Amino acid sequence: MSAQHTRRALLGASIALAGTGVLAACSDGGTSTGHSGTNHDGMDHDGMDQAGPSGTAAPEGYVAPDGPEVAAAEKRRGSGPVRKVSLTATPSRLDLGGGHTVSTWAYGDRLPGKEVRVTAGDTLALTLANHLPQPTSMHWHGLALRNDMDGVPGLTQRAIEPGKDFTYRFAVPDPGTYWFHPHSGVQLDRGLYAPLIVEDPKEPLSYDKEWVVVLDDWLDGVDGSTPDAVLQELTKGHSGHAMEDVPSADADAGTGPSRMLMGATSKLLGGDAGDVGYPYYLVNGRTPQDPAAFSARPGDRIRLRIINAGGDTAFRVALGGHRMTVTHTDGFPVRHTTTDALLLGMGERYDVLVTAGDGVFPLTALAEGKKVSAMALLRTGGGAAPVATVRPKELDGSLVTADRLTPDASVALPGRTPDRTVRIRLTGSMAGYDWAFDGKPYSADQRHPVKAGERVRLEFRNATSMWHPVHLHGHTFALAGNASGARKDTAIVLPRQTLTVDFDADNPGLWMLHCHNLYHAEAGMMTVVGYRS
């Protein structure tokens with residue numbers, strides 16, 4: 001495989017040199033040790049003149065990721081107790097259960113990575129050491145944090161080079177269920193992800209136990225497969241957007257079988273369910289043949305925080321023998337709604353409450369349209385575990401989707417006429433693998449301008465035969481384009497349908513907007529929402 005085809009774009013990296021400037025190693029928020037090419041004398045030693053307090057050239061007409069507007073917004077969030085965390089991204093051998101051990105990349109030696117738990121109002125200072133053979137980064141999915149800590153190489157920071165480290169430091173504003181992962185090529189589809197739980201100091205819910213549930217689709221290290229090789233196969237070696245000169249991934253390109261999936265369909269998803277056939281589907285890093293188990297007592301009230309960390313798979317989730325009460329989606333509270341099952345697109349999160357029965361119960365996550373399931377166990381008493389292929393009847397019962405949820409009054413977006421409407425057409429096909437916004441694969445000069453203080457309406461018109469989970473960095477929006485819609489940061493746009501959402505432009509910077517199907521994004525389905533200066 002040629003080096004040209006394996007120099008996978010850092011997600012968002014091609015912004016770097018055309019009109020935005022490249023952030024130097026340090027900003028007011030974070031610190032680094034030895035980022036490549038950057039000294040602390042205001043000059044990038046790859047040859048680019050720098051300006052500004054942290055050595056960044058401000059994008060013409062737009063707020064810089066470490067500009068004074070960003071610093072002012074961070075100051076308004078306040079500075080609470082500092083929670084220090086250290087993580088290492090490293091090659092690792094992981095046991096997935098059922099006799100399956102894989103070589104992959106992970107945060108240490110566990111899957112998912114170790115949960116990070118803070119309280120809203122805290123300042124998180126997390127140092128990421130890169131022991132990988134490629135540059136990496138860390139994106140804080142769902143958080144309305146300062147822009148220069150958002151973790152998008154070439155847009156909000158330089159990538160963390162092999163052998164170096166970077167400290168992400170920022171105020172954590174909102175309680176809820178979040179997670180973090182790289183925003184570098186297809187690294188997310190390895191083992192580089194972990195939950196971020198932000199506790200509410202005034203928690204209104206009452207429960208006895210908490211179960212964090214992370215769903216994933218897995219192929220890395222199985223029969224020679226790697227995410228890089230899958231992207232190569234899907235795109236036929238031609239990603240849809242310009243690539244930076246990142247280190248060659250030849251050593252990790254893989255020699256595995258075809259993973260291209262044809263014929264996977266789902267009525268819930270409006271047709272085509274996915275592009276990639278994964279050999280394993282996991283709950284908390286385990287296959288259903290040797291599942292993770294959660295212990296409780298009969299009658300316990302349990303809060304489940306469910307995260308879809310998959311690359312190409314929507315999951316339909318149910319707990320056998322139980323109904324679930326939905327309390328939050330994407331970290332923000334909703335009016336409590338009872339359901340048998342949930343549907344989660346990639347990047348989405350739901351919190352639910354259940355009252356535990358007596359026995360052993362399957363928490364089943366059906367890979368929607370792919371006819372395979374992941375499973376974990378809730379164990380409150382004796383009895384045999386259900387078989388790995390069990391399909392609880394609740395999977396086919398009532399199902400709540402995000403558009404049917406109503407926000408809690410405490411977080412409902414106030415009614416207001418939009419000041420600006422941004423219309424985005426989702427385009428592309430499986431045949432050409434030319435996924436894009438407005439027929440234009442991602443390039444450095446794309447901008448959707450907004451101004452601080454505006455109410456912004458986004459209209460996503462899906463002209464494709466595929467569903468797409470769209471994710472906006474640094475903000476939450478209200479579904480349905482009005483104050484009655486649930487607050488979300490990731491939402492499904494069904495084929496041939498239009499999704500309308502509103503958000504308040506209250507977090508200045510340059511923010512990625514992209515499909516959270518990892519392979520669609522890398523093919524070109526991403527853009528930038530930029531605050532005008």
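Let's start with one pair: Trp218 has Tyr280, in strand β15, as its bridge partner. Keep in mind that this is a predicted model. The two strands behind that pair are β12 (residues 209–218) and β15, which run antiparallel and are joined by 4 bridges.

So which way do the side chains of β15 go? Strand β15 covers residues 280–283, with Tyr280 and Leu282 pointing one way and Tyr281 and Val283 the other way. That fits the usual picture: in a regular strand, side chains alternate between the two faces of the sheet. Here both sets are buried.

Further along, there's an open sheet of 6 strands with mixed pairing, in the order β27-β26-β29-β34-β31-β32. Strands β27 (436–437) and β32 (487–488) each have a single partner strand, so each has one side without a neighbour in the sheet. Inside this order, β26 and β29 pair in the parallel sense, and Thr421 has Arg457 in β29 as its bridge partner.

Another open sheet has 5 strands, also with mixed pairing, and reads β28-β36-β35-β30-β33. Its edge strands are β28 (448–450) and β33 (490–493), each pairing on one side only. From one strand to the next, the twist averages 25°. Strands β28 and β36 run parallel, with Val450 standing opposite Tyr531 in β36.

Here are the three strand pairs side by side:

| Strand pair | Direction | Bridges |
|---|---|---|
| β12 (residues 209–218) and β15 | antiparallel | 4 bridges |
| β26 (residues 420–427) and β29 (residues 455–462) | parallel | 7 bridges |
| β28 and β36 (residues 526–531) | parallel | 3 bridges |

Terms used. Residues are numbered from 1 along each chain as its sequence is written. This is a predicted model: local features need pLDDT of at least 70, side-chain atom pairs count only at pLDDT 80 or more; totals for chains, interfaces and linings use all residues. Side-chain values use heavy atoms; hydrogens and water are left out. Buried means under 20% relative accessible area, exposed over 50%, partly exposed in between (1.4 Å probe, protein chains only). Two strands pair if DSSP finds at least two bridges between them. Axes are lines fitted to C-alpha atoms, for helices over the stretch in contact, and angles run from 0 to 180 degrees between N-to-C directions.
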